[in-house]
Each structure stands twice: as C-alpha cells, then as structure tokens.
Amino acid sequence: MLKKFFSYYKPHKRLFIIDFSSAIFVALLELAFPMAVQWFIDKLLPSGDWGKIVTISILLLLVYLLSTFLQYIVSYLGHKLGINIETDMRQQLFNHVHRQSFRFFDNTKTGHIMSRITNDLFDIGELAHHGPEDAFIAVMTMIGAFILMYGINPELAIIAICMVPLLVVLVTFCNIKMNAAWQNMYGKIADVNARVEDSVSGARVVKSFTNEDFEISRFKKDNGSFRLAKLVAYNVMAWTHSSMYMMTRLVTLVVLVVGAWFTFNDRLTIGDLVAFILFVNILIKPVDKISALLELYPKGMAGFRRFLDLIEQEPEIKDRAGAKAVSHLSGDILFDEVHFQYDDNKYVLNGIDLSIRSGETIAFVGPSGAGKTTICSLIPRFYDVDSGAISIDGIDIRNMTQQSLRSQIGIVLQDVFLFTGTIKENIAYGNLDATDEEVMAAAQKAHLEEFIASLPDGYETQIGERGLKLSGGQKQRLAIARMFLKNPPILILDEATSALDTETERIIQQSLNELAENRTTLVIAHRLATIRDADRVIVVTEDGIAEDGKYDELVRKGGIFARLHNIQFQEV
Ligand code: ADP
Ligand code: MG
C-alpha cells in the first residue's frame, strides 16, 4: 500500500526533490548554529578581536537569511506537494465515480462519496505533505543533534537523549486525549446542526402545533452539551500545552544543572554548556512532529485505504473489446428470453420476450413494482441482463459502445433533475454542442418560449437549488426541450407526467406526442387516458408480460387491462 501511496508523488518528483533537499539544508543549518555559538563564546570572545566578531556576525546573518528563505520554500513547496497530490486524487475519484454503473449508485450513499472527497482526501493530503518529509527530517535532526552533543560530552548527551522517549510518550498520550475530545466535539456540532436544520425546515409544523418552547428547550440541551464538549476539548488542549512546556523546561533544567556541575569540574566550557542547551531545544522540537505523525499516519492511511477501495472498484458495465460505435439506429428493439435480478434473491424479469418495431409507440401498464422501469433501464444498459439478450436493429447492445448506445436513447422521468445554472444551460444539457439557436428552437418545440420570455433574465435566469423554482409542468417542458435537442431515435417516457394534475398533463401530452413523432417510443403510463393513441399496449405483471395488443382490443378481451380500464374510467 505504501508503494501505491508513493506512486502519487511521481508526477511531482521535481517538487519533492526541491522540497526535500531544502528541508535537509534547513536541518543542517539548524544543527550548525549551536556549534557556531560554542566557537563564538569559547574562541572568539577571549580573543577580543572586535573586527572579527562583526565579520562573523554578518556571515551568520547571511546564513540565517538563507535558512529563512529555505524554510519558506519548505513550507510552501511542501504544502504545494500535498495539495497537488490531494487534487490529483480528488480528480481521479470524481472521474472514477462517473465511470461507474447504476448498481454502484444504488449501493453507495452520496454522503460517503462526499466524505471520501473531502475529509479523507484532506487527511491523505496532510500525510502526503508531512509524512516522508517530517519523519525523515525529524529523525535526522535528532540523530544529528545527539551525535554533536555526544562529541561535546558523552555523559550529558546520554542523559538528554534518555528523556526524549518520556517526552514522546507524554505527547502521544496528550494527542490521543485531544483527538478523542475533538471527535466528541465534532459529534456535538453535528447534533446542533441537525437540530437547527430540522427545526428550521420544520418551522411551519412547529408553529402549527405551537411547539416553539419545546423546540427551544430541546435546542438548549444540545447547545449545552456542545458547550461542555468544547470546554473539555480546550481544557485538554491547555493541559497538553502546559505539560509539554513543563517537560521541555524540565529537560533543559536537568541539562543545565548537570552541565553546571561538569563546568565546575572543568569537563565542560561555558561555550559547550550554551551549545548543549541549544541542542536540547533542537532535540526536543521534532518530538511534536513525530507524535503528530504517529497520529496522522493511521488516519491518512485509513483514508487512503478507503480511497483505494473505491478507486479499485471496476465499473460493472464496461465496453467489450471491439464494441462498435453505432449511429442512426432505426429503433427495432428485441428482447430475447431476458432474465434479470437486482440482487441475488429474486428475478425481477423472468424470460421476457418482446419485439418492438422501429417508429412504434408502445405503452407499458401494470401494477407498480411489476418491472416496467426495469425493462426500460435494460435498453440503455444501465444494468446488464443476467441471461438472454437485447438487441437493437439486430445488434446485441453489449456489442455497442455505451456512449454510442446511450446517445441514441432519450429518457424522460417523473422527476426532472435540474442542475444549478441557467435555463439555457439546463436545456443545453441535452446536447452540449448545441448552438444558442438550436437551444431556442428546442425550447420553442417544447412550448417553453412564452414562459422564458416572462422571466426577468430570459434564458439566463438562474434555476435549480439556489435559483428560480419551476413548477412540475415547467420542469417537464424543460426535459422535453432537452430531448428535442438530443433528438434520439429511441425515446423512453417513464411516468413522465404522472406527478402532474390532469389538466397540466393534458397540455404536456401534446408536446410529448410531438416529441414521439418519428421515434420508437416506450411510454410507461399511470393514467390510461394518456396512452389511447399508442400502437400497442403491453401489460406487465410480476409474472411477466401478461397481455400485448391494441388498446381497444385489450379492453374488448376482458382481461387484466380491461379491468384497469374499467376502474379508471368509472372513477372519473
Ligand atoms: P415498476 O416500474 O413496474 O413500478 P420497477 O421496475 O421499478 O417496477 O421494479 C421492479 C422490482 O424491482 C420491484 O420489486 C422493485 O422493488 C425492484 N427494484 C427496482 N429498482 C431496484 C434497484 N435499484 N435495486 C433493487 N431492487 C430494485
Ligand atoms: Mg417504475
């Protein structure tokens, strides 16, 4: 897994090398500082050569400027590296999600993908940046500091290094506590948010029951536990900082006292002692980073595992090798012994045979859950048949590329999905290459132009989540305009008008009839009045296709369809 992780560094090799070598330089310069101070105190000061002192100081200043610049490089380029890797992964994940088939979306919660794309990738990005660099530099600095200290005075060096593991344990313990406290606090934030959302979106219900006080007292409780959790988190944080402070001072103090004693015994010069104290700081500084890494590593790697789990999931439906790109299909559709199940417990379709001729309008009716939508989703290969075959114009659809197959099929559903954007962009979704004129022509065919003209910004009016809300009928017209623009030879209308009132349905029906002209059209209908003109009606039940014939024939036949017909028209 680490190998896979590091493969993401490859495109940014140059960045990594510059960042890494700058970091090594910074570490070396840092290690050189106490040595310079030691020399300054022990050799330069006694000489009393003021000119030399000034020269050396200027030299040190230059070295510091260089070190400052390198630190900037390390911080900026290091983060840039992390951001680049995070961006690559996010793009890869998004591309991958869009290569998936329907079943993936049936089984995956949007929230999960969202948290992969946000939280997990953030952790991974942090690890990508801090991981190798910090680990290497921290360890190297500590080893370097120890060697140099050992060179000055072995006993004192060993005393100092012995205290480091203690520090690591302390810091790690604090980190674990802190993490738990933050997690708890995040949970409470989520509770507060959920309560606000619930209560505000349900405000009308709250008012109608005059339950404001109840809502207020509920919120007070959540708000209170959030306060408590946040206090605890900050308390742990304050504790961590103070005990860290205390420990580092303690180490310094021990070194100072033992060092002082060594100095009395002439085993250490003043310069040595000062250098030692400085080294102790260098030795202690990376402890923070190491313990942060101890925490970051499992978090980042767990995120990376989840990322890989998604990325390595092959799309269920793929183009076969040698699949053909078809165009200008005429729309003869043949179902041959089609069996299909969503999951392993029950066949939804059990040997469907069906032949639809080019240009026909076929209506599917039957109880809900019988499998009408399923039959229609197999044609664009949203799912693949388990056995049997579906062919269009005599070609098995599995031998066509998905792109070319789906470009020949238009689907209008009950729920029209509008993207955040303008009316024009939403219509143009039907054909991204369409010109403005073509978009307008499509809107006209869908009888939308009057409505659009009445809008303040016309075609540029914002709709969707954060814009104008369209009525059900207007949405359907927009969907129809998209279809005119796409202009596919095969059209599927899955209860397109079922959510509309009868009057609106009647008006939209006209546009749909115009859209259906010269196309093979499959209509799934709820209200039978809308399918009077269909060439054939197919009755689907849980046992498969029960009846197949002209509307009037089926009524006269006195079977299932006749019964449906009688129920609907007696009630009206
Ligand atoms: P209809 O369109 O005739 O109302 P559907 O084709 O939607 O019926 O559904 C047929 C059966 O398949 C139902 O039992 C339904 O619960 C099941 N089903 C539909 N879609 C899915 C899905 N995505 N995953 C699992 N089962 C499904
Ligand atoms: Mg359905």
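## A tour from hairpin to ligand

Start with strands S11 and S12: they form a hairpin, with two residues between them. Keep in mind that this is a predicted model.

**The hairpin.** Select S11, residues 536–541, and S12, residues 544–549. The two strands run antiparallel and are joined by five bridges. Click on Val 537: opposite this residue, in S12, stands Gly 549.

**Across to S3.** Now add strand S3, residues 361–365. S3 and S11 run parallel, with four bridges between them. Find Ala 363 in S3; Val 537 of S11 stands opposite. Val 537 therefore faces a partner on either side: Ala 363 in S3 and Gly 549 in S12.**The whole sheet.** Show six strands in the order S6-S9-S10-S3-S11-S12. They form an open sheet with mixed pairing. S6 (409–413) and S12 (544–549) stand at the edges; each has a single partner strand, so one side of each lacks a neighbour in the sheet. From one strand to the next, the twist averages 15°.

**The S6 edge.** Zoom in on S6 and strand S9, residues 490–494. The pair runs parallel, joined by five bridges. Pick Gly 410 and look for its bridge partner in S9, Leu 491. Next, bring up helix H15, residues 472–486. H15 packs on the sheet and touches S6 and S9. The direction of H15 makes about 180° with that of S6.

**The ligand.** Move to ligand 1. Which residues surround it? Select Asp 106, Tyr 342, Val 348, Ser 368, Gly 369, Ala 370, Gly 371, Lys 372, Thr 373 and Thr 374. Colour the shell by character: three residues are nonpolar, five polar and two charged. Helix H10, residues 372–378, gives the most to this shell, with three residues.

**A long-range pair.** Go to helix H9, residues 270–311, and find Lys 299 there. Is Lys 299 buried, exposed or partly exposed? Lys 299 is partly exposed, because 17 other C-beta atoms lie within 10 Å, and burial takes 20 or more. Now select Asp 123 and draw a C-alpha to C-alpha distance to Lys 299: it reads 6.7 Å, though the two are 176 residues apart in sequence.

**Confidence.** Finish by colouring on pLDDT. The protein chain averages 90, and 99% of the residues score at least 70. Among the elements of the chain, strand S4 (residues 387–392) has the highest mean, 97, and helix H5 (residues 110–152) the lowest, 85. For the complex, the predictor gives an ipTM of 0.98 and a pTM of 0.80.

Conventions: Residues numbered from 1 in each chain as written. Chains lettered and ligands numbered in written order. Predicted model: local features only at pLDDT ≥ 70, side-chain atom pairs only at ≥ 80, totals over all residues. Pairing = 2+ DSSP bridges. Axes fitted to C-alpha atoms, helices over the stretch in contact; angles between N-to-C directions. Contact = placed C-beta atoms within 7 Å. pLDDT = per-residue confidence, 0-100. Near = placed C-beta within 6 Å. Nonpolar A, V, L, I, M, F, W, Y, C, P; charged D, E, K, R; others polar. Buried ≥ 20, exposed ≤ 12 C-beta atoms within 10 Å, placed from the backbone.
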